[in-house]
Amino acid sequence: MRNACGHVDKRNRVGQGLFICRGCGVVAHADRNASHNIATRGESVWNAGRESRVPATP
């Protein structure tokens, strides 16, 4: 449902509530698409922090 191709363009958001990817043609509700993108980024940051090799402070 969300933009899987990674194409970023302000013109992808056609209207207040409509997202149409100019790269792959995915059509979705704009806010729902944005929430999926934010969740995906948050998950990758969370996982990067869990895999950190920095020693814990005592």
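Residues are called buried under 20% relative accessible area, exposed over 50%, and partly exposed in between, with a 1.4 Å probe and protein chains only. By this scale Asp31, at 43% relative accessibility, counts as partly exposed.

The structure described here is a predicted model, in which local features need pLDDT of at least 70, side-chain atom pairs count only at pLDDT 80 or more, and totals for chains, interfaces and linings use all residues. Residues are numbered from 1 along each chain as its sequence is written, and side-chain values use heavy atoms, with hydrogens and water left out.

The predictor's confidence in each residue is given as pLDDT, from 0 to 100. The protein chain averages a pLDDT of 84, and 95% of the residues score at least 70. Helices (H or I, at least four residues) and strands (E, at least two) are DSSP runs, numbered from the N terminus. In the protein chain, confidence is highest in S1, at a mean of 93, and lowest in H1, at a mean of 87.

Two salt bridges are present in the structure; a salt bridge is a side-chain nitrogen of Lys or Arg within 4 Å of a carboxyl oxygen of Asp or Glu. Side chains of opposite charge can pair when their charged atoms come close. One salt bridge joins Asp31 to Arg13, with an N to O distance of 3.1 Å. Asp31 lies in helix H1 (residues 30-50) and Arg13 in the segment before S1, so this pair ties together parts that are 18 residues apart in sequence. Arg13 is partly exposed, with a relative accessible area of 37%. A salt bridge is also formed by Arg11 and Asp9, whose closest N and O atoms are 2.9 Å apart. Arg11 is exposed, with a relative accessible area of 52%, whereas Asp9, at 21% relative accessibility, counts as partly exposed.

Cys5 lies in the segment before S1 and, at 42% relative accessibility, counts as partly exposed. Leaving aside neighbours within four places in sequence, Cys5 is in contact (heavy atoms within 4.5 Å) with Cys21, Gly23 and Cys24. The structure holds zero disulfides, a disulfide being a pair of cysteine sulfur atoms within 2.5 Å. Cys5 is accordingly in no disulfide, and the nearest cysteine sulfur, that of Cys21, is 3.5 Å away. For the sulfur of Cys21, the closest cysteine sulfur is in Cys5, and the 3.5 Å between them is too far for a bond. Cys21 is buried, at 3% relative accessibility.

Residues of the segment before S1 were also placed relative to later parts of the chain. The C-alpha atoms of Cys5 and Asn37 are separated by 12 Å, with their positions 32 residues apart along the chain. Ala4, also found in the segment before S1, is 11 Å from Thr40, C-alpha to C-alpha, and the two are 36 residues apart in sequence. Ala4 is exposed, with a relative accessible area of 71%.

Val14, Leu18, Ile20 and Val27 make a nonpolar surface patch of about 310 Å². Patches are made of residues with over 30% relative accessible area and no salt bridge, like charges being joined within 9 Å and nonpolar side chains (Val, Leu, Ile, Met, Phe, Trp, Tyr) within 5 Å. Accessible areas come from the Shrake-Rupley method with a 1.4 Å probe, and for residues only the protein chains shown count as cover. Val14 lies in the segment before strand S1 (18-20) and is exposed, with a relative accessible area of 52%.
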